[in-house]
Amino acid sequence: MRTRHRTAIALASVLTLVAVACSSSGHGGARVDPAGEVQSGTAPAVYSTDGITKIKHVIVVMQENRSFDNYFGTFPGADGIPMRNGVATACVPVPGVAGCVRPYHDTSLIDGGGPHNVTAAERDIDGGAMDGFARSAVAGRMKACDHATVNPVCTNATTPGDVPDALGYHTAAEIPNYWAYARRFVLQDHMFEGVNAWSLPAHLDMVSGWSAKCTDPTDPMSCATNIDRPGRAVPGSTSPPPYAWTDLTYLLDQGGVSWRYFVQAGSQPDCTDPADMICPPQWQSHQTPDFWNPLPGFSDVQQDGQLHDVTSPTTYFRMARRGSLPSVSWIVPNGRNSEHPPASIANGQAWVTKVIDAAMRSPDWKSTAIFLSWDDWGGFYDHVAPPGLNPQGLGIRVPGLVISPYAQSGMIDHQTLSTDSYLRFIEDDFLGGERIDPAADGRPDSRPFVAETTPGVGDLLADFNFTQKPLPPLILPPRPNR
């Protein structure tokens with residue numbers, strides 16, 4: 001790693017005052033004790049990037065298709081589903097059902113959810129009313145069943161009253177480990193998807209801060225923002241569409257910063273229906289996730305000769321045991337472990353727990369930060385309207401957790417954040433605050449904005465206290481409900 005990156009940190013970015021007070025306004029944070037009770041204390045008021053260098057390993061764990069309210073809508077102290085006497089006050093119209101339906105506790109481990117493309121996002125948000133989720137789910141079920149495919153939306157997406165389970169929410173009864181992490185470490189209740197769309201643009205944004213489509217797959221200046229069908233599929237090719245613009249690994253490579261993208265072999269749900277043209281036809285038969293694994297399609301990854309750094313999670317577990325984790329890791333599942341309907345949320349939680357347990361047992365734990373989130377909302381209800389802060393988002397709210405020895409224990413972070421905040425933290429930590437910015441990064445592309453510096457987005461440094469006594473590991477059983 002270049003020395004100037006470390007020494008430039010204090011000059012590159014210094015946070016001013018961060019008010020961390022219990023509020024549902026989208027700013028600051030609240031403390032929650034291990035029993036889930038809100039405390040009146042506040043976190044330290046001043047942060048700088050000086051202590052960030054204690055984090056030598058950043059692990060981004062990206063799961064699939066859950067809104068914040070679907071997983072943490074009743075978490076104590078969070079900006080969750082508005083309730084009165086334990087009953088949701090919101091009431092959502094459902095096609096074919098008289099009146100409206102309130103969000104309800106869903107005890108099933110397998111859900112149907114709803115469509116989660118650009119059209120569905122607009123319908124769900126409904127101009128800020130956040131009441132289109134059931135309409136989207138019903139429309140999606142009708143489309144899937146009309147094509148007579150074996151699709152869980154036809155069988156698993158409704159309760160006996162024909163209410164889409166897109167209106168359901170889970171509690172610690174179904175996802176105890178996720179709630180345990182939230183109580184011990186940091187829960188972010190205003191983490192929004194970086195794009196207002198589905199999985200492929202979300203994963204493109206996760207590694208590059210942009211989702212685009214390029215008229216010339218070899219020319220970074222030919223790309224324009226696109227969150228519907230990004231990239232440019234090559235007719236007849238079985239390879240991912242080429243992405244000409246710059247991703248974070250280019251800067252990491254230039255700075256001598258090690259990285260790996262660990263992707264689990266297996267199927268991906270959104271390409272199983274030939275009638276669903278959201279995916280290029282050549283992707284529909286793949287057995288390895290493609291749009292959850294976009295890096296091989298980036299021209300800079302190919303040019304840097306780093307395709308070998310896209311590898312199996314088996315390598316992650318081996319590196320964790322040896323204490324040789326790279327500086328930056330992304331970890332993505334296959335369909336079975338993704339929590340993407342119809343995958344069991346118990347399987348997904350077990351997978352994530354194994355990933356986190358491996359990091360906590362590693363000699364690298366003492367210098368690690370784990371960022372756990374979900375790539376999009378999956379059609380599930382959320383009551384908070386997303387802020388439109390740049391040309392591609394922000395999208396509907398998703399869960400976010402920060403797990404680290406230096407995480408502020410029991411904090412609920414109310415800052416407005418997005419998965420672009422992960423890029424910013426990595427850049428501040430390892431690159432001295434350099435951004436994926438065509439004006440300065442040495443590889444110009446045509447992006448019209450720099451996602452990491454989007455006005456109105458907070459800073460992950462507020463979730464850390466680098467002067468505290470490091471928190472011990474929280475080793476959990478992968479399947480606690482057994």
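Biologist: Before we start, what counts as a helix here?

Modeller: A helix is a DSSP run of H or I with at least four residues, numbered from the N terminus. Keep in mind that this is a predicted model.

Biologist: Good. What follows H7?

Modeller: Gly 209 comes after H7. Its phi is positive, near 75 degrees.

Biologist: And H7 itself, where does it run, and is it covered or open?

Modeller: H7 spans residues 199-208 and is mostly covered. Of its 10 residues, 10 are buried. Among them are Ser 199, Pro 201, His 203, Asp 205 and Ser 208.

Biologist: What do those buried residues pack against?

Modeller: Two helices and three strands, listed here: helix H8 (248-254), helix H12 (420-430), strand S3 (57-63), strand S13 (259-263) and strand S15 (328-332).

Biologist: New topic. How many disulfides are in the whole structure?

Modeller: A search finds 2. Cys 91 pairs with Cys 100, with the sulfur atoms 2.0 Å apart. Cys 214 is joined to Cys 223, S to S 2.1 Å.

Biologist: Is the Cys 214 and Cys 223 pair buried or exposed?

Modeller: Both Cys 214 and Cys 223 are buried.

Biologist: And why do you call Cys 91 partly exposed?

Modeller: Because its relative accessible area is 29%, and partly exposed lies between 20% and 50%. Cys 100 is partly exposed too, at 39%.

Biologist: Which hand does each link have?

Modeller: The link of Cys 91 and Cys 100 is right-handed, with 100 degrees about the S-S bond. The link of Cys 214 and Cys 223 is right-handed as well, with 95 degrees.

Methods. Residues are numbered from 1 along each chain as its sequence is written. This is a predicted model: local features need pLDDT of at least 70, side-chain atom pairs count only at pLDDT 80 or more; totals for chains, interfaces and linings use all residues. Side-chain values use heavy atoms; hydrogens and water are left out. Buried means under 20% relative accessible area, exposed over 50%, partly exposed in between (1.4 Å probe, protein chains only). Contact means heavy atoms within 4.5 Å. A disulfide is a pair of cysteine sulfur atoms within 2.5 Å.
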